[in-house]
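Take a look at the model below. Then follow the text from one part of the chain to the next.

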Amino acid sequence: MTYHPKSEFMSVMMKRGFLADCTDYQGLDDALSNGVVPAYIGYDATAKSLHIGHLLNIMVLRWFQKTGHKPITLMGGGTTKVGDPSFRADERPLLDEAAINANIDGMQKVFANYLSYGDGASDAIMLNNAEWLDDLNYLSFLRDIGRHFSVNRMLSFESVKSRLDREQSLSFLEFNYMILQAYDFLEINRRYNCLLQMGGSDQWGNIVNGIDLTRRVLDHEIYGLTTPLLTTSDGKKMGKSQGGAIWLNGDMLSPYEFWQFWRNTTDADTGRFLKLYTELPVEECNRLGALEGSEINAAKIILANEVTTLLHGADAAKAAEATAREVFEKGGVGDDLPTLTLSTDDLGDGISIGQLIVRAGLAGSGKEAKRLIAENGAKLNDEPLTNPGLMIDAAALAQPIKLSAGKKRHALVQLG
RNA sequence: GGGGAGUUGGCAGAGCGGUCAAAUGCGGCGGACUGUAAAUCCGUUGGGGCAACCCACCUAGGUUCGAAUCCUAGACUCCCCA
């Protein structure tokens with residue numbers, strides 16, 4: 001792959017490591033050089049917030065807009081109504097329309113931090129595939145769209161084949177999912193003249209299907225581009241830390257905790273992440289990522305600041321950094337720590353320390369909190385907690401108290 | 001429509017009347033070492049409760065001194081045949 005791109009967007013993608021594959025480098029590059037191109041990425045509407053796994057693609061859209069093009073965020077409002085069956089382990093309850101729309105609202109808030117939406121030529125737009133899926137007529141869909149799909153070919157897709165090989169059941173619904181996704185591309189091309197779909201490399205098959213379908217039905221030439229599936233350098237899936245997902249919505253994960261996630265990046269990933277998740281010049285990223293030993297911590301702080309600034313703003317990033325410095329370097333308390341505020345009603349005659357740890361989000365269950373105490377991992381105002389039966393009452397909360405789980409996770413509890 | 005297999009902790013997967021809160025692995029958490037990194041090592045790991053104690057192997061009944069294990073019914077999942 002020694003293609004030398006003309007367009008700024010392609011050049012950024014390649015330089016910064018966003019590019020996994022492209023259906024037609026030359027064709028896409030030409031199109032991008034000849035004017036404003038709309039491109040979309042699809043998102044499920046199943047969760048209330050986007051998480052860090054989505055961030056890579058959001059950055060792609062951001063660059064896309066920065067280099068003069070029109071990003072489209074497609075919400076799977078219609079497909080979500082059917083329920084994506086690919087993770088059918090625990091049959092999740094189907095979401096109703098209100099829940100789906102609430103999810104979409106939550107996500108839009110996040111997108112708005114990265115993209116500017118509006119009516120201008122290169123302003124981003126948000127679509128919902130319910131727009132064209134809701135009123136589909138089965139028979140005409142079969143006749144117009146279904147005839148372009150060869151079951152023989154669909155069976156050869158890796159996602160399908162592996163299921164069949166393992167003799168796992170594959171429902172007809174799930175089998176149809178790829179058709180609906182292809183149809184999305186067709187409709188977005190037809191309605192919004194969208195020329196490009198992007199996505200993770202696991203979406204390659206779906207993207208190609210959409211391209212083929214659009215060519216057959218409309219005779220339009222359109223393109224696909226995929227980003228690598230990111231794993232951390234030790235091979236784990238990106239985006240998990242201390243048990244919880246790294247959400248992008250501030251009310252689900254505080255800016256401080258978000259900042260901490262990036263601060264704790266592995267050495268080997270630092271340079272790569274700088275290129276992917278920040279907008280610092282590539283040379284700077286390379287320089288920072290190449291720092292040795294403990295010096296690379298400075299690079300990680302820059303990474304955390306940059307990424308947090310994009311999502312939550314510069315003030316939030318600064319506050320997170322200040323708090324981190326306070327907590328880790330001075331062993332003190334920063335005001336940006338996750339804070340649990342209790343009313344006197346909540347408190348009643350007193351609440352056990354175990355409950356408090358759970359309420360503060362430092363443990364998932366009372367048993368876990370107790371375990372933490374037993375393992376000497378819990379601290380109260382930096383004093384090791386030894387008594388699992390300790391009761392906290394209003395008097396003990398006259399001053400806010402600092403709870404710690406291990407060395408890295410801290411929270412404040414105050415009376416409010 | 002008929003026949004068969006199955007449902008165990010976050011996941012994978014043992015157990016098939018007592019010694020089972022339940023092997024093992026993964027994951028998670030804590031500790032040591034460091035640089036708030038990685039690797040490694042050690043420990044820990046169902047839930048509720050301040051506690052005593054209680055609830056827990058799909059659900060509801062039953063048999064038994066005793067059930068995750070046996071019986072009955074139901075729900076769900078998968079496979080094969082039509």
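**Where two domains meet**

The centres of domain 1 and domain 2, taken over C-alpha atoms, are 30 Å apart. The model is a predicted one. Chain A is assigned domain 1 (8–227), domain 2 (254–329) and domain 3 (339–415). We will stay with the contact between domain 1 and domain 2.

How many residues does each domain bring to the contact? Domain 1 gives 14 residues, and domain 2 gives 15 residues. Together the two domains bury about 1300 Å² between them. Of that area, 61% is on carbon and sulfur atoms. Three residues stand out on the domain 1 side. Arg 16, Ile 52 and Met 59 supply 43% of the area that domain 1 buries against domain 2. No other three residues supply more.

Now look at polar and charged pairs. Between domain 1 and domain 2 there are 6 residue pairs in polar contact, both residues at pLDDT 80 or more. Which helices supply at least two residues each to the side of domain 1 that touches domain 2? They are helix H1 (8–16), helix H3 (55–66) and helix H5 (97–114). H3 gives the largest share, with 6 residues. Sort this side of domain 1 by class, and you find 8 nonpolar, 2 polar and 4 charged residues.

Side chains of opposite charge can pair when their charged atoms come close. The structure holds 17 salt bridges. The count between domain 1 and domain 2 is 2.

Find Glu 279. Its side chain meets that of Lys 66 in a salt bridge, at 3.4 Å from N to O. Why does this pair tie together parts that are 213 residues apart in sequence? Glu 279 lies in the loop between helix H13 (267–277) and helix H14 (282–289), while Lys 66 lies in helix H3, so the pair links parts that far apart in sequence. Glu 279 also forms a salt bridge with Arg 62. There the closest N and O atoms are 2.6 Å apart.

How confident is the predictor? The mean pLDDT of chain A is 88. In this chain, 91% of the residues reach 70 or more. Confidence is highest in helix H15 (residues 296–312), at a mean of 97. Confidence is lowest in strand S7 (residues 240–241), at a mean of 50. Check residues 84–93 as well. Their pLDDT stays under 50. For this stretch the model has 12 contacts beyond four places in sequence.

Technical notes:
Residues numbered from 1 in each chain as written. Chains lettered and ligands numbered in written order. Heavy atoms only, no water. Domains from an automatic or database assignment. Contact = heavy atoms within 4.5 Å. Buried area = accessible area lost by both parts, 1.4 Å probe. Salt bridge = Lys/Arg side-chain N within 4 Å of Asp/Glu carboxyl O. Polar contact = N/O pair within 3.5 Å; in protein donor to acceptor, adjacent residues only side chain to side chain. Helix = DSSP H or I, 4+ residues; strand = E, 2+ residues; numbered from the N terminus. Nonpolar A, V, L, I, M, F, W, Y, C, P; charged D, E, K, R; others polar. pLDDT = per-residue confidence, 0-100.
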